[in-house]
Amino acid sequence: MPAKIWTPRSRGEPLTAAELETLGRRDHVTLLPNRLQFIDDFADLDRGGALLVMVTMAEAKHYNEVLRALGHAFCDDLVRVCRDRLLDLLGDGALFHVSVLSFAFVITGAATDRTPHLIEQIGRAFAAPLDVQEVPIKTHIGIGLLPLAKFGDTAEALRAALTAGHDSRRRPEGWAWYDHRSDEAHQRAFRLLADLPDALRHSRGLSLAFQPRIGLADGAVVGAEALLRWNHPELGPISPGEFVPLAEQTALIGPLTDWVIGKALETAGDLKRDGTPLRVSINASPANLSEPEFDARLLSRCAVAGIQPEQFELEFTEGMLAGNPERTMAQLERLRGAGIEVAIDDFGSGFANLSYLTTIPADVLKIDQSFVRGLGVQRGSDFLMRQIVEMARGLDFRVCVEGVETAEAYGFLKDLGCDEAQGYYMARPMSADALTDWLAAR
Ligand code: C2E
Ligand code: MG
Ligand code: MG
């Protein structure tokens, strides 16, 4: 029998317009008026002196963990318990349920004096665990406050109050006023994420810069690291330190790394044709190595581009092991087996348990630039660098030090027997064309 999509019998007569209108303005779990009703009711309110209070029950991530562990019915009860705590303080009629995890109400006129007291009461009401089906649940609420006169558009006011609630999680007092600078930062992050797909699709504004890596024994160029650049059409140059971590929180990191691999292979091919073959490194993100078949795709792309795997290197940070360590390790193992170099980037900048160093399939340890900054200046820095280099060599890694900016640091690392270094002292990141000229001039 062919597969068929099941249509339940209960799918009876369609709702009338009036029924839809009523249903559309209530939250079905709490039966409170919802966001649409809030926006409607708000049209009649005098905004002067009115204060919007947004209470968010928990961060979405935490809520989803409870949902996965205890199910939908439990979470519906959890939401209703939160509603009841708020209704105890506010009385009936004031509260709106504006999104799955958020409740809102408005304080008007002179009532603003009551604000601190009421907000403290809410904070206290949620400090103790909530009892949901006899399971104690610890919530981490956010409380955002926003003077409504600042916003002409009610939907926009709700969004802005939500960002204030988000900010409040980092405040000791547990609540936060709307802050336009913080809101601008949220909006900028969103804007970057919204514009990135288009930049990727048309390769618009994106480019790679290449920074040479130098062998310290003889000063020869041993490779170049590809570093992503984005010149946004309106916002100007955006640092990868800003947009890569944003992309890493979304599915965009897959296509972004694909784009980098394509460009890096293109440059590796050009260098080979020019008679200056060079190993090119790219930075991979944790999510990339959790993708099934990342290794196979990378190897086949190398083959299509006519690049030997030995001419390609993957840099990754220790954070990579946090997601799916088994799959990550297996992919690295296969890539390395096929000849691709693997480098541990920014070593020493995180707080990882070092035992992974004994099992990780890697060739190179790139020591974070923060260790170079202190050389000859900060007590203990020389000693620490010496010990890290010794440890790395004892574990059979080649050592590369990042962020070398002075002749003194260069000399110190060379005397120490470091294998390789990268930094402004030798060369800044440059375009692929500039790299060709730079190599030719050496
Ligand atoms: P990273 O991989 O550790 O790259 C080294 C960073 O240090 C680069 O910054 C480089 O320009 C900078 N640098 C190099 N030498 C010196 C020096 O002597 N002094 C100082 N102060 N800085 C130096 P950049 O290009 O801004 O990249 C920042 C980070 O963004 C990278 O750190 C990497 O984690 C990430 N990133 C860059 N491109 C990509 C990419 O294509 N994919 C991914 N996933 N991450 C990338
Ligand atoms: Mg790197
Ligand atoms: Mg680094």
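This is a selection-by-selection tour of a predicted model, starting with the domains and ending with the cysteines.

**Domains**

Colour residues 17–178 and 189–441 separately; these are domain 1 and domain 2 in the domain assignment of the protein chain. Their C-alpha centres are 44 Å apart.

**Magnesium ion, ligand 2**

Select ligand 2 and then its protein donors: Glu225 (OE), Asn283 (OD1), Glu315 (OE) and Asp345 (OD), at distances of 2.0 to 2.2 Å. Along the chain these donors follow the spacing E-x57-N-x31-E-x29-D. Show the strands next. Asn283 belongs to strand S11 (residues 279–283) and Glu315 to strand S12 (residues 312–316), so this pair ties together parts 32 residues apart in sequence. The two residues can be checked for accessibility as well: Asn283 is partly exposed, at 29% relative accessibility, while Glu315 is buried, at 1%.

**Magnesium ion, ligand 3**

Keep Asp345 selected and add ligand 3. Asp345 bridges the magnesium ions, ligand 2 and ligand 3, which lie 4.0 Å apart. Around ligand 3, the coordinating atoms come from Asp345 (OD), Asp346 (OD) and Glu402, which is listed twice through OE, at 1.9 to 2.4 Å. The sequence spacing of the donor residues here is D-D-x55-E. Asp346 sits in strand S13 (residues 341–347), and Glu402 in the loop between strand S15 (398–401) and helix H15 (407–416); the pair therefore ties together parts that are 56 residues apart in sequence. Asp346 counts as partly exposed at 25% relative accessibility, whereas Glu402 is buried at 8%.

**Helix H15**

From Glu402, move along the chain to H15, residues 407–416. Select Ala409, Tyr410, Phe412 and Leu413, the buried residues of this helix. Look down the helix axis: these residues fall within an arc of 165 degrees, so they line one face of H15. What do the buried residues of H15 pack against? They pack against strand S8 (206–215), helix H13 (370–373), helix H14 (381–394) and S15. Turn to the face directed away from the buried side to find the exposed residues Glu408 and Asp415. After the helix comes Gly417, which has a positive phi, near 90 degrees.

**Nonpolar cores**

Select Phe312, Ile360 and Met385, the residues with the most contacts inside the largest nonpolar core, which has 79 residues. Helix H9 (residues 253–273) supplies the largest share of this core, 9 residues. Centre the view on Phe312. Beyond its neighbours within four places in sequence, Phe312 is in contact with several residues, including Ile261, Ala264, Leu265, Val280, Ile282 and Leu298. Its contacts also include Arg279 and Glu341. Another core, of 32 residues, lies apart from the largest one; select Met57, Ile107, Ile122 and Ala125, which are among its members.

**Cysteines**

Finish with the cysteines. How many disulfides are there? The count is 0, with a disulfide taken as a pair of cysteine sulfur atoms within 2.5 Å. Select Cys75: it is in no disulfide, and the nearest cysteine sulfur, that of Cys82, is 10 Å away. Cys82 is likewise in no disulfide, with the sulfur of Cys75 as the nearest cysteine sulfur. Are these cysteines buried or exposed? Cys75 is buried, at 0% relative accessibility, and Cys82 is also buried, at 0%.

Definitions and conventions:
Residues numbered from 1 in each chain as written. Chains lettered and ligands numbered in written order. Predicted model: local features only at pLDDT ≥ 70, side-chain atom pairs only at ≥ 80, totals over all residues. Heavy atoms only, no water. Domains from an automatic or database assignment. Donors = N, O, S within 2.8 Å, 3.2 Å for Na, K, Ca; no water. Helix = DSSP H or I, 4+ residues; strand = E, 2+ residues; numbered from the N terminus. Buried < 20%, exposed > 50% of the residue type's maximum accessible area, 1.4 Å probe, protein only. Arc of directions from axis to C-beta. Contact = heavy atoms within 4.5 Å. Core = buried A, V, L, I, M, F, W, Y, C linked by side-chain atoms within 4.5 Å.
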